[in-house]
Amino acid sequence: KVHHTLLLTGAAGGVGTALRERLKANCEVLRLSARSDFGPAREGEEIVLADLADAAQVSDMVKGCQAIVHMGGVSVEGPFDPILQSNILGVYNLYEAARQHGVKRVIFASSNHVTGFYRQNETITPAHPPRPDSLYGVSKAFGEDLSRMYFDRYGIETACVRIGSSFAEPKDRRMLASWLSFDDLHRLITACLTTPVLGHSIIFGISDNAVAWYDNDSVRTIGYRPKDSSDVFRDAIYARTPEPDLSDPCVQFQGGGFLMAGIPMTA
Ligand code: 15L
């Protein structure tokens, strides 16, 4: 346990709920945050409710913690204003609070949608330029750049984890490539929290899947070794899903359904 108080934002979301019990192994006190009430604190927990767009609430949320696992914010494509409030203003408020309260390490839930406009037959590395597939993807690219500035100026270390698809099981053929099991997500966060030197890292958050769009070797630097694989779900997923239509952008591009989820494809 390298951190006394660890803050988990987005604690009421799907990934936050999965991390809640797992992250207790990483700290003495797990501080959970969400925008609205999600029930009482359990043993070893604190709850601080905060709207990410409210700088004063974010400051109270961050004060007294040593590291942050930032899973909060809008997690899907949709209208711009909520994305602006939570993912752009919100991530700025978070880093300002981290700077003011001396927090030195952040695990930032970035997304595969930062590079969702690469094709499903391309292999990319963290050095490839972002090609966001959605306003949501652009907001995550903003968070990556903002955290880089806070590292270069103030030495706050961040792992930008471009989470693939973190669910209990992969749901479709695309997720055979993008799946990140909850246990592997926890392994990855643990590696980021405990590695001696994190710096500012961009990491693709995926399990050990046979099909992969990422050259993810840089994760070895921080000590992440995935143990799960989507492969065990492959036959069942192929049996219950139709043959992909190769002319469909959701099939062509890595971002899948996010390509068609929000703003129109054509001007
Ligand atoms: C994401 O960034 C979303 O937060 C999540 O809900 C999934 O849809 C995931 O990407 C994905 O691409 O499957």
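Biologist: Why is Thr241 called exposed?
Modeller: A residue counts as exposed if 12 or fewer other C-beta atoms lie within 10 Å of its own, as buried if there are 20 or more, and as partly exposed in between, with C-beta atoms placed from the backbone. Thr241 has 12 other C-beta atoms within 10 Å, and is therefore exposed. The model is predicted: local features need pLDDT of at least 70, and side-chain atom pairs count only at pLDDT 80 or more, while totals for chains, interfaces and linings use all residues. Residues are numbered from 1 along each chain as its sequence is written.

Biologist: Where does Thr241 lie, and with which residues is Thr241 in contact, leaving aside its neighbours within four places in sequence?
Modeller: Thr241 lies in the loop between helix H8 (234–240) and H9; helices here are DSSP runs of H or I with at least four residues, numbered from the N terminus. Leaving aside neighbours within four places in sequence, Thr241 is in contact with Asp172 and Arg173, contact being defined by C-beta atoms, placed from the backbone, that lie within 7 Å. The C-alpha atoms of Thr241 and Arg173 are separated by 7.5 Å, although the two residues are 68 apart along the chain.

Biologist: What makes Leu259 buried?
Modeller: Leu259 has 22 other C-beta atoms within 10 Å, which places it in the buried class. Leu259 is found in the segment after helix H9 (249–252). Its contacts, apart from neighbours within four places in sequence, are Gly116, Asp133, Pro249, Cys250 and Phe253. Leu259 also lies 6.6 Å from Ser134, C-alpha to C-alpha, with their positions 125 residues apart in sequence.

Biologist: How do you know that Arg20 and Asp231 are partly exposed?
Modeller: Arg20, in helix H1 (residues 14–22), has 17 other C-beta atoms within 10 Å and is therefore partly exposed. Asp231, in the loop between helix H7 (219–222) and H8, has 15 such atoms within 10 Å and is therefore partly exposed. Not counting residues up to four places away in sequence, Arg20 is in contact with Ala11 and Leu32, and Asp231 touches Asn209 and Ala210.

Biologist: Why is H2 called oblique to H3?
Modeller: Two packed helices are described by the angle between their axes and the distance between the axes. Axes are lines fitted to C-alpha atoms, for helices over the stretch in contact, and angles run from 0 to 180 degrees between N-to-C directions. Angles under 35 degrees count as roughly parallel, over 145 as roughly antiparallel, 65 to 115 as roughly perpendicular, and the rest as oblique. Helix H2 (residues 55–62) and helix H3 (residues 80–100) pack at about 50°, with their axes 9 Å apart. H2 is therefore oblique to H3.

Biologist: Which residues make the contact of H2 and H3?
Modeller: Ala55, Val58, Ser59 and Val62 of H2 make the contact with Asn93, Leu94, Glu96, Ala97, Ala98 and Gln100 of H3. These residues divide into six nonpolar, three polar and one charged (Ala, Val, Leu, Ile, Met, Phe, Trp, Tyr, Cys and Pro count as nonpolar, Asp, Glu, Lys and Arg as charged, and the others, Gly among them, as polar).

Biologist: What makes H3 roughly parallel to H4?
Modeller: The axes of H3 and helix H4 (residues 135–154) cross at roughly 15° and come within 10 Å. H3 is therefore roughly parallel to H4. By class, the contact of H3 with H4 has twelve nonpolar, four polar and two charged residues.

Biologist: Which residues are around the ligand, and how do they divide into nonpolar, polar and charged?
Modeller: Ser75, Val76, Ser111, Asn112, His113, Ser165, Ser178 and Gly256 are around the ligand, the criterion being a C-beta atom, placed from the backbone, within 6 Å of the molecule. The shell divides into one nonpolar, seven polar and no charged residues.

Technical notes
Helix = DSSP H or I, 4+ residues; strand = E, 2+ residues; numbered from the N terminus. Contact = placed C-beta atoms within 7 Å.
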